[in-house]
Amino acid sequence: MIVSHKHKFVFIKTAKTAGTSIEIALSKFCGDDDIITPIIPEDEELRKSLGYRTAQNYTTIEGEDIRPHISARRVRRLISRRVWDQYYTFCFERNPWDKIVSLYYYRFQKEPRPSINDFIKSEHNKRFRRKGFDLYTIKGSIVVDRVCLYESLEEHLRDVLHNKLGIQESIELPRAKGNLRPANTSYQELLDPESVDIITRLFSEEIQLFGYQF
C-alpha cells in the first residue's frame, strides 16, 4: 500500500494483481512523508537497486506496522476521511480464474504440489477473497475512485499517472514475483468444471462488475 502526500494518491494493494511491481514503480515518485509498506526482502532489494524509495513511515503512532494488504476502510481511518476524499484512490483487479491459478503457483513454488483442482476445493480461496474485493469495498460498495484491470495494467496505470495525478514521467514495471508460474499455462486448460464453478460462485460480484468471462 502507498499513501503519497506528495502526489495526493492512495494505492490499495490487492493480491496477485502485480501489486508488488506496481508498488515498486510508484515508489519512484514518492516523497519523504509518504507511506510505503514493506515488501519481501528480495523485492525490497530490487526497489533499492533501481534507486527508488524503500519501505518508510509504515508504523503508526501506536507502534503498529501497517500491513501491505490493508483495506480501504482502515486506510481511510488512518489518514482521515477528509484526506481520503481529497486524494485519488485506486487499485487493481484481475480475472478471478486466472488470479487463482497465479495464487496456486505462488503458494506451491516447487514440486510436489497438490493438484490445482484439489487446491481450489480447499478453504484457501475463501480467505484469499479478503485480499481482493474486500479491500476496495465497504459493505459491498466500491469506495476507491478507480478499480484498474490487470489485463490492461500498463495502459491503466499510465492513464492514472498522466491524466489523474499529473505525473508525466515514464513508468517501468519491474517483474517482481513474475517467474513462479510456468510459461503458457492457461487457466482454461488447468481448471476442471467443478473448480470453474467454485471460482464463479466465490467471485460472482467481481465477475459481474467487471464483465469477466471464462
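A charge sits over a ring if NZ of Lys or CZ of Arg is within 6 Å of the ring centre and within 35 degrees of the ring normal. R94 fits that description: this residue lies over the face of Y150, at 3.9 Å from the ring centre. The structure is a predicted model. Five strands form an open sheet in it, and the aromatic pairs number eleven. There are zero disulfides.

**The sheet**
- The strand order is 3-1-2-4-7, and the pairing is mixed.
- Strand 3 (35–36) and strand 7 (146–149) stand at the edges. Each has a single partner strand, so one side of each is left without a neighbour in the sheet.
- Strand 1 and strand 3 run antiparallel and are joined by two bridges.
- In strand 3, I35 is the residue that stands opposite V3.

**Helix 3 and its buried face**
- Which residues of helix 3 are buried? In this helix, residues 72–79, they are A72, V75, R76 and I79.
- Seen down the axis of helix 3, these buried residues fall within an arc of 100°, so they line one face of the helix.
- A general rule helps here. An α-helix has 3.6 residues a turn, so residues three or four places apart point the same way.
- What do the buried residues of helix 3 pack against? Their partners include two strands of the sheet, strand 1 (2–4) and strand 2 (9–11). They also pack against helix 4 (81–86), helix 8 (133–136) and strand 5 (137–138).
- S80 follows helix 3 and has a positive phi, near 90°.

**Aromatic rings**
- The rings of Y104 and F108 have their centres 5.7 Å apart. Their planes are at 55°, so the pair is tilted.
- Y104 also pairs with F119. Here the ring centres are 5.7 Å apart and the planes are at 45°, so this pair is tilted too.
- Y104 lies in helix 5 (residues 96–107) and F119 in helix 6 (residues 116–120), so the pair ties together parts that are 15 residues apart in sequence.
- Are these rings buried or exposed? Y104 counts as buried, at 6% relative accessibility. F119 is buried as well, at 3%.
- F108 is partly exposed, with a relative accessible area of 23%.
- Elsewhere, F9, F11, Y88 and F90 form one aromatic cluster.

**A lysine over a ring**
- K16 places its charged end over the ring of Y106. The distance to the ring centre is 4.2 Å.

**Cysteines**
- Why do C91 and C148 not form a disulfide? A disulfide needs sulfur atoms within 2.5 Å. The sulfur of C91 is 7.2 Å from the closest cysteine sulfur, in C148, so the gap is too far for a bond.
- The view from the other side agrees: for C148, the closest cysteine sulfur is that of C91, 7.2 Å away.
- C91 is buried, at 0% relative accessibility. C148 is also buried, with a relative accessible area of 0%.

**Contacts across the chain**
- S27 is found in helix 1 (residues 19–27). This serine is buried, with a relative accessible area of 1%.
- Leaving aside residues up to four places away in sequence, S27 touches I2, I36, R47, Y52 and R53.
- P182 is found in the loop between helix 9 (153–164) and helix 10 (187–190). P182 is partly exposed, at 37%.
- P182 and S102 are 80 residues apart in sequence. In space they are 9.9 Å apart, C-alpha to C-alpha.

**Unusual backbone**
- Most residues other than glycine have a negative phi, and most peptide bonds are trans. The cases below depart from that pattern.
- The peptide bond from E111 to P112 is cis, with omega near 0°. P112 is found in the loop between helix 5 and helix 6.
- N57 has a positive phi, near 55°. This residue lies in the loop between helix 2 (41–49) and helix 3. N57 is partly exposed, with a relative accessible area of 38%.
- K139 has a positive phi, near 55°. Its place is the loop between strand 5 and strand 6 (141–142). K139 is exposed, with a relative accessible area of 79%.

Conventions. Residues numbered from 1 in each chain as written. Predicted model: local features only at pLDDT ≥ 70, side-chain atom pairs only at ≥ 80, totals over all residues. Heavy atoms only, no water. Buried < 20%, exposed > 50% of the residue type's maximum accessible area, 1.4 Å probe, protein only. Helix = DSSP H or I, 4+ residues; strand = E, 2+ residues; numbered from the N terminus. Arc of directions from axis to C-beta. Contact = heavy atoms within 4.5 Å. Pairing = 2+ DSSP bridges. Phe/Tyr/Trp six-rings, centres within 6.5 Å; stacked < 30°, edge-to-face > 60°.
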